[in-house]
Structure formats: C-alpha cells, structure tokens
Amino acid sequence: MNRTTTNRRGVRRHQLSVNNDRCRRYGTCEAEAPQLFRLMATGELFYRRSVAEEELEGAKAAARCCPMLAIRLEER
Ligand code: SF4
C-alpha cells in the first residue's frame, strides 16, 4: 500500500527502501527510475530514500517491476 502524506511544509514525501537480502542486483529499478536508483559496476545499488511527489510514479514502477519484490515504498 502506498499512501500519500503531507509533511509540515506541505510537501508530499514517500520513503523508499530496498531489502538487501532479497535484491539480486538485476538493475530493473534503475531502468524504471534512474533518478532514484543507480547500480554501480561494483555491484552496489545506491538509491535515494526520500521520494518527492513528482518521482512517485517512477518509484512505484520500480517497486512493481523488481523481480525480487525487494523495494518498499512507504508514507513518511
Ligand atoms: S530491481 Fe530489485 S532486485 Fe533488481 S537491483 Fe533493483 S531492487 Fe535489486
């Protein structure tokens, strides 16, 4: 479930997290939302935890397309 909230400044934010025990570094998330995910040549996956409203669709697509269901998106 991905609900939207508004913080004190009236800006909607969501929190992104990746379960490292599930992630197999396929990189599908980066293809769906390159502004949020970056898979390095070393195999490390970097991602931004704080998702702005305008990035929400990309974050949802990444979570939906992750073959390991490793991405979680929560209200903040
Ligand atoms: S798509 Fe899922 S399994 Fe693949 S790198 Fe991203 S989080 Fe990891």
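**Strand pairing and ligand site in the predicted model**

Strand β2, residues 12-18, pairs with strand β5, residues 50-52. The sense is antiparallel, and the pairing runs over 3 bridges. R13 has A52 of β5 as its bridge partner. The structure described here is a predicted model.

β2 also pairs with strand β6, which spans residues 71-75. This pairing is likewise antiparallel and extends over 5 bridges. Here S17 is bridged to R72 of β6. β2 thus has antiparallel pairings with both β5 and β6. In a regular strand, side chains alternate between the two faces of the sheet.

The ligand is surrounded by 13 residues. C23, Y26, G27, C29 and C66 come nearest to the ligand. Three of the names in this group are cysteines: C23, C29 and C66. By class, the shell around the ligand comprises 9 nonpolar residues, 2 polar residues and 2 charged residues. The largest cavity is the space that the ligand takes up.

Confidence was assessed for the protein as a whole. The average pLDDT is 90. A score of at least 70 is reached by 87% of the residues. Residues 1-5 have a pLDDT below 50. In the model, this stretch nevertheless has 13 contacts beyond near neighbours in sequence.

Technical notes:
Residues are numbered from 1 along each chain as its sequence is written. This is a predicted model: local features need pLDDT of at least 70, side-chain atom pairs count only at pLDDT 80 or more; totals for chains, interfaces and linings use all residues. Side-chain values use heavy atoms; hydrogens and water are left out. A residue is near a molecule or strand if one of its heavy atoms lies within 4 Å of it. On a 1 Å grid over the protein atoms alone, a cavity is a set of points where a 1.4 Å probe fits but cannot get out, and a pocket is an open set with protein on both sides within 12 Å along at least five of seven lines; lining residues have an atom within 4 Å of a point. A molecule sits in a cavity or pocket if more than half of its atoms lie within 2 Å of its grid points. Ala, Val, Leu, Ile, Met, Phe, Trp, Tyr, Cys and Pro count as nonpolar, Asp, Glu, Lys and Arg as charged, and the others, Gly among them, as polar. pLDDT is the predictor's confidence in each residue, from 0 to 100. Contact means heavy atoms within 4.5 Å. Two strands pair if DSSP finds at least two bridges between them. Helices (H or I, at least four residues) and strands (E, at least two) are DSSP runs, numbered from the N terminus.
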